[in-house]
Each structure stands twice: as structure tokens, then as C-alpha cells.
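Me: Please take a close look at one part of this model with me, and go through it slowly. I am in my first year, so explain each term when you use it.

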Amino acid sequence: MGDLNQSIENHYLKEGLYEDIIHRLKEQNIALDTVKRSDIAGVDEFHVRGAAVSRELANGIDLQGASVLDVGCGLGGPCRMLADEYGCQVTGIDLSHEYIRTASNLSKLVQLGDKTTFTQGDATALPFEDNAFDVVWTQHVQMNIPDKKKLYSEMHRVLKTGGHFLFYDILKKGDEEISYPMPWASTVYLSFLFKAEEMDHLLQDLGMIHKQTIDQTQAGIGFFDILVARLKEFGPPKMGLNVLMGETTKPKLMNLLRHLKEGKLELKSGVYKKS
Ligand SMILES: C[S@@+](CC[C@H](N)C(=O)[O-])C[C@H]1O[C@@H](n2cnc3c(N)ncnc32)[C@H](O)[C@@H]1O
């Protein structure tokens, strides 16, 4: 597991990420003491449809004032949204030291340092007490994790009884081969896709009650079509996911878009409740 986690951390690694974001803000003449969440929104939500889908997911339950754990929080954009717009106290955990450093600094930059906490760690060994959070939230993370049972057991363990599990994920529909690179994996060796029904079985076996599932695939395709057209016309934006994926942005996005259109992959969000 150590080697795999190191390879996954290397896959996402972009050294000096926070400094690069600061540099890009300055290039746009944004004074650092005036930075708003919207100024960094293009880069700090590393999933299909960014802040829009996070807000939809948040609106699936009454989240106001909840304590939330974001598992695989990346740069912490969703954590800041939940803190700022829903009054949540949010903890983010991620494997990547560089993402956690960047997430903490970005929260301080937009004056949300006191409402968000970021910890480096592995989603399959969460360093939290049992029944610690009202909500466990995860977006586009499980594809990197082979031991699904461990992952969902850990998320279930730290969730309070009666608390909600919210997910937004990329799932495979059949068993056809997938092309790489993908945003989460340069090669098949870092990718552990599974199916929606397998996730549902795991969660229900743990005692989670299914509340809602939304097929987000068409919305994701629509978002990508617009993004790809913009990339063709204007080139990479100053503050987009290209900051995270660099030169491989285009092949990664095109592979994902093609597989969504072909029906090999799908996007789903949903809500479960811990009984
Ligand atoms: C595609 S990014 C999504 C980030 C964030 N959830 C978001 O939507 O903005 C996937 C994230 O999962 C993290 N990750 C992968 N495997 C992990 C693990 N075993 N434990 C914790 N985080 C992990 C990566 O470091 C990366 O930040």
C-alpha cells in the first residue's frame, strides 16, 4: 500500500502549487488581501462541474452548521464552500502533502482558516474517533483506492449515527477497457474503478440507508463539451484545472469525455444515512 500511495501522491504532485496560484492571481492584478473564493474557483474543485455540482450535492440534505469530513479533499474548494455558504465546520483529509499545504494556505488567503482544517492522511485509515462527524463527503476519490471495503468502512465508522454520507463519483458501467491517462491516473495501475451497484451493496452492508442517487453523466458531458470548445478557442485559462494537470490536461479530459459519451463510465451523486 505504501508504494501505491506514493505513486498516487506523485501522480497528483505539482510542487510549488500554492505559489503558482499566487503568481497567477498577481498576473490577473488581484491584490492578495482581496482574494475571493470565486477568484480560485477554477482550480480548487478538482472534479467534473466544479462548484456547481458541489452546491447541488450540499443541497441534498440540510447541512446548515454541520460538522463535515471531506475525504480526499484535494485543494479544499468544497470545504471552503461548505464553511462559507452553509456555516459548516469542515475537516479535509488528503493523501497529498502538497494539496494539504495548498488547501490550508488557500483557506487563510480567503479568510476561512478558522472554519476549515486540513490533515494529511489515508482515507482507508482515518485518524478520527468513531461517530465524529455529522456528514462525510467525498468527490472523485475512490477511483484511486483498491480496498473499497476499508474505505467505506472507515467513512461509516467516523460518521455519527443518523448522519449523512454524500458522494459524487466516477464509476464504470461495464467491464470494458478504459484508456489512460485519466485525471486521477496516468496508467491503469493507479486506477480502481468499480460499479454503482457494487458501491451500493457495500454501503447497505455497512448499515447505510439509501436516500437518493442522481445520474450526473449528461450534465458532466455538457460541461465538458463547453470546456473543450473554450480550450480550443481561448487556450488554457489562467485559473483552471490545467494548473493541476499541466500538459496532460487535454488527453486526460478527452479520454474521460469520450468514455462518458460511450457509456463506459458514468457520473453519479447521492446521499445515504447511517442507521
Ligand atoms: C480528483 S482529486 C479530487 C479532489 C477533491 N475531492 C475535489 O473534488 O476537489 C482526487 C483526490 O483524492 C486524493 N486521494 C487519492 N487517494 C487517496 C487516499 N488513499 N486517501 C486520501 N486521499 C486520497 C488525491 O490526493 C486527490 O487529492
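Reply: Val-68 has Val-135 in S4 as its bridge partner. The two belong to strand S1 (residues 67-71) and strand S4 (residues 133-139), which pair in the parallel sense over 3 bridges; two strands pair if DSSP finds at least two bridges between them, and strands (E, at least two residues) and helices (H or I, at least four) are DSSP runs, numbered from the N terminus. This is a predicted model, in which local features need pLDDT of at least 70 and side-chain atom pairs count only at pLDDT 80 or more, while totals for chains, interfaces and linings use all residues. Residues are numbered from 1 along each chain as its sequence is written.

The wider setting is an open sheet of 7 strands in the order S3-S2-S1-S4-S5-S7-S6, with mixed pairing. S3 and strand S6 (208-215) stand at the edges with a single partner strand each, so one side of each has no neighbour in the sheet. Neighbouring strands are turned by 15 degrees against each other on average, direction ignored.

Helix H6 (residues 97-109) lies across strand S2 (89-94) and S3, at about 165 degrees to S3; such angles run from 0 to 180 degrees between N-to-C directions, with axes fitted to C-alpha atoms, for helices over the stretch in contact. In S3 (residues 116-120) sits Gln-120, which touches Asp-94, His-97 and Ile-100, not counting residues up to four places away in sequence; contact means C-beta atoms, placed from the backbone, within 7 Å. Gln-120 counts as partly exposed because it has 17 C-beta neighbours inside 10 Å, where 20 or more would make a residue buried and 12 or fewer exposed.

Key. Two residues are in contact if their C-beta atoms, placed from the backbone, lie within 7 Å.
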